[in-house]
Amino acid sequence: MNRSVSRFLTGAVAAAASLTLAFSPAHAAEKKDFKVAWSIYVGWMPWGYATDTGIVKKWADKYGITIEVKQFNDYVESINQYTAGAFDAVTLTNMDALSIPAAGGVDTTAVIVGDYSNGNDAIILKGKDKLEDIKGQTVNLVEFSVSHYLLARALESVKLAEKDVKVVNTSDADMASAYATPDVTAVATWKPIVSTILESPDAKLVYDSSSIPGEIIDLMAANTEVLKDNPKFGKALAGIWYDTMKALAEDKAAKEHMAKASGTDVAGFDDQLKTTKLFATPADAIAFTTGADIKAKSELVSTFLFDKALLGKDAKSAGAIGIEFPDKSVFGEKGNVKLRFDATYMQAAADGKL
Amino acid sequence: MRLINIKPDRTWTFALAVLPFLALLVAYLMGSAMRLAENPNDKLLPGFGAMAEAVKHMALQPDPRSGIYLMWNDTLSSLSLLLTALAVSTLIALVVGILIGLLPLVGATFGPVVAVASMVPPLALLPILFIIMGLGDAAKIALIVIGTALKLVRDVALRVKDLPREQIIKAQTLGASTWQIGTRVVLPQMLPRLIDAVRLELGPAWLFLIAAEAIAADAGLGYRIFLVRRYLAMDVIIPYVIWITLLAFLMDLALRLLQQKAFPWFAGARAA
Amino acid sequence: MTAIVFDKVWKEYGDHVVLERIELSIAPRSFVALVGPSGCGKTTFLRMLLGEEKPTRGQILVGGVPLKAEPGADRGVVFQRYSVFPHLTVLQNVIIGREFEESPLLGKLFGFRRREAEAEARKLLDAVGLKGHEDKYPAALSGGMQQRLALAQALNRKPKILLLDEPFGALDPGIRADIHVLIRRIWNENDLTVVMVTHDLSEAFRLGTRVIAFERPRNRPEELERYGATLDDVSVAEALSKAGASVTRDFDVWPKKVAAALPNGAAGAGAQLDLKLAPANDSQAPG
């Protein structure tokens, strides 16, 4: 290769290299502008309401910051965006917090423990009404999601294992129409899909998350470093949340707004709320978060994820990713704490110190 | 000198071709290094070591849960769907395309239907296909067939009509029947042209396959990508994307070579 | 013997009359050249004879039988281009006619019958000067060689009538002269009536036993649409003096060319090339 060619190539490559700066992750430091991602789910609908009615702006103004709240139609994409650093906080479940951002090395703190699923997630069989009948069947579900976890727990409860069934990964968007086809006989999914499927007369609910209360937890989680440098952001999130909880309890219009935004009516929304244990006050949430139960349940979730190799390929045990609880005790490796339950901001809300 | 007259010599041609690949590689490496320096567990831009490790897990070691080699299993599953569907499409295209192009009666009857149907966006049919044919392989094959066959049929029909009128007349003056014209004059001339058309449809075929696998599957290259996307495993996704690209490229190359070897007359006829 | 008779033939496309009241008979074993300017209807005339087009009125009789409106094996054809099949070798191009004839289902011959067909084809290829090119594809042949192949291909089916649609129009003059010798020999040695469309008058007079000129007698724009070309018979002397006039003419070419007698109908076998043909007809061509 002649000299000018190689010089040209070197120059061009250097130019390309300088462009990669655009790829570099956001550096945590004190800042004023924050971005929050959320997706449609009964326990997270308050975020949409709070944005539309100015509650978000009210609290952001109070702390002299701006908060941009973005709704995602695709739940997984919202978590991926958060993990990649494009958002400072995201709504997700404890299980996904562990397997996506935490396993990806993004230290994540649960600022608000909003609710746990208490029947919202369910396993439905076609024409069979005992969970034991699931043996040998093909189960359609979103693999590695809370539905998969629910299936694992359900099988355990009747002394079966995952090898006793065949799992087929199926998009949640197509779950209801999948159930309508003859060769789909068992599904594990969540509301409102569950309600739709149960409308067909042969659908029998055989197991739901009310049998494992407190294991599937819905959170508002933020990047730990961002939170450490900007406690105002955590306080604003807590302020927004409990203002909205109050509105949901007291204002009929608030519930109507959320019902409509989630594509149903008040009756349908109530049906979902019924199977969701929503912590209406900070005190309830703190009691749950600081209780002993949450540690044992976190271990169950970690064990499931470890079994599925979702804690990273190098993980040697279910405790490969440490989980810190409000009392600073840690499950798993203390040197690799990536998920933290922190009651500080909820406590401030309870104490009226926001 | 005008820009249109500046042509790279051989060294420059090579260098210019390599450049975008090299630039991409360097940009990736630097971006990856930067993110990994900040967070050694970063999943967005894994280093090549992590990707090699992931490929080793997926391709060279059996999966501890099921005992199968995931990447080969995925490849086999996807390729068998894709090749089955393409074979069906090709056969449909040859038979229907030649009939429409050669027989005015068939053309008048089915030409407009095919023209309209080929405008239906296949992905929009996916929910319907899943309900009619279930979530199994049949629906996936049907999606690829619908997505590719109609375009191939139109292409073949147009190319049959493009055959010089003189050839068809000549065959008749040599005493050929309609069947003989179809099988000895038209069909052999359509085969190499169909290879061109199939090469162009490879991209859409992969697209439909991956889209279908993303919605419901228990194996396949598209299935794996959309599954591991759930935990942002770019160390698996990126090698899979490269692998799919390589497979598609090799299929294209194989078709091109087949055309050269099996139809030696075609290059000359095309130039004429 | 296959005489061709055009019995009051009209050809119209909608309101547009292309050919008007053509009445004509062509004697067996004649070599008819059709000349005339572009759009005069000579190609339409040939296409009707080919069976590709149907007369609007009147009928065409071949050997006393009305012509079917589709091409058939009794009429061979060579076009200016695309007369041979690009996906077949030279040899395959020639035997395909025999294959169509003898194998209705597969259109292919095997074993003994194939060897027989190949031997016959090789003789023909030798006769048209393509010996040694048997395994080439047409794309590898020159334009002149492709036309020789097209002739061999057509002759292999032993048609009674050979239709030539400007067959030599795309060839260089030197090559054209060679192939003129060949076509004349073919005509001379086979039981064949040849009808050739050409725009080259010298070619028409050199090869033809009879030259038919097509012209539109009415040339006013409003008439062009409504009136087609016609034919008229005149003597050669008169024709020569009037060639190019607005009246359409039919010439018997002088001196008379007569095809050699065929020994007991065995086409081609042992017949000698008759080169006692009109030496310099070019000079008589007008314009």
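How many Å separate the centres of domain 1 of chain A and domain 2 of chain A? Taken over C-alpha atoms, the answer is 26 Å. Keep in mind as you look around that this is a predicted model.

Let's stay with chain A for a moment. Domain 1 is built from two stretches, 33-116 and 216-350, while domain 2 covers 121-211. Where the two meet, domain 1 of chain A puts in 13 residues and domain 2 of chain A puts in 10. On the domain 1 side, the elements that give two or more residues are helix H12 (266-274) and helix H14 (293-307) of chain A. H12(A) supplies the largest share of that side, with 3 residues. Sort the domain 1 side by class and you get 6 nonpolar, 5 polar and 2 charged residues.

Now find strand E10 of chain A, residues 217-223. A residue is called buried here if 20 or more other C-beta atoms lie within 10 Å of its own. By that yardstick 7 of the 7 residues of E10(A) are buried, so the strand is largely enclosed by the rest of the structure. You can follow its pairing with two other strands. Strand E3 (residues 89-93) of chain A pairs with E10(A) in the antiparallel sense over 5 bridges, and on that side Thr93(A) stands opposite Asp218(A). Strand E4 (residues 108-117) of chain A also runs antiparallel to E10(A), joined to it by 7 bridges. Here the pair to look for is Thr109(A) opposite Ala222(A). As a bit of background, strands of a sheet pair through backbone hydrogen bonds, either parallel or antiparallel.

Next comes chain B, with 11 helices and 1 strand. Reading from the N terminus, eight helices in a row would be a fair way to picture the start of the pattern α-α-α-α-α-α-α-α-β-α-α-α. What about its overall form? The radius of gyration of chain B is 24 Å, well over the 19 Å that the globule rule gives for 272 residues, so chain B is more spread out than a compact globule. Along the principal axes, its C-alpha atoms fill a box of roughly 80 × 60 × 30 Å. Of its 272 residues, 39% count as buried. There is also plenty to trace along the sequence: among contacts in chain B between residues at least 6 apart, 71% join residues at least 24 apart.

How do the chains sit together? There are 2 pairs of chains in contact, and chains A and B share the most contacts. In that pairing, 39 residues of chain B are in contact with 43 residues of chain A. On the chain B side, the elements giving two or more residues are helix H1 (10-38), helix H2 (48-60), helix H5 (122-133), helix H8 (178-215), strand E1 (216-217) and helix H9 (221-228). H1(B) brings the largest share, 13 residues. The chain B side divides into 24 nonpolar, 7 polar and 8 charged residues. There is strand pairing across the two chains as well: strand E7 (residues 166-170) of chain A and E1(B) pair in the antiparallel sense over 2 bridges. To spot this by eye, look for Asn169(A) opposite Ala217(B).

Chain B also touches chain C, with 21 residues of chain B in contact with 27 residues of chain C. Helix H7 (165-173), H8 and helix H11 (266-271) of chain B are the elements that give two or more residues to this side. By class, the side of chain B that touches chain C has 9 nonpolar, 9 polar and 3 charged residues. Chain A and chain C, on the other hand, do not touch, and their nearest C-alpha atoms are 39 Å apart.

Finish the tour in chain C. Here 4 strands form an open antiparallel sheet in the order E2-E1-E4-E5. Strand E2 (16-26) and strand E5 (65-66) of chain C stand at the edges with a single partner strand each, so one side of each is left without a neighbour in the sheet. Helix H1 (residues 42-50) of chain C packs on this sheet, touching E1, E2 and E4 of chain C, and its direction makes about 60° with that of E2(C). Within the sheet, strand E1 (residues 4-13) and strand E4 (residues 57-62) of chain C run antiparallel and are joined by 5 bridges. Phe6(C) stands opposite Ile60(C) in E4(C).

Conventions. Residues are numbered from 1 along each chain as its sequence is written. Chains are lettered from A and ligands numbered from 1 in the order in which they are written. This is a predicted model: local features need pLDDT of at least 70, side-chain atom pairs count only at pLDDT 80 or more; totals for chains, interfaces and linings use all residues. Two residues are in contact if their C-beta atoms, placed from the backbone, lie within 7 Å. Ala, Val, Leu, Ile, Met, Phe, Trp, Tyr, Cys and Pro count as nonpolar, Asp, Glu, Lys and Arg as charged, and the others, Gly among them, as polar. Two strands pair if DSSP finds at least two bridges between them. Domain bounds come from an automatic or database domain assignment. Axes are lines fitted to C-alpha atoms, for helices over the stretch in contact, and angles run from 0 to 180 degrees between N-to-C directions. The radius of gyration is taken over C-alpha atoms; the globule rule is 2.2 Å times the number of residues to the power 0.38. A residue is buried if 20 or more other C-beta atoms lie within 10 Å of its own, exposed if 12 or fewer, and partly exposed in between; C-beta atoms are placed from the backbone.
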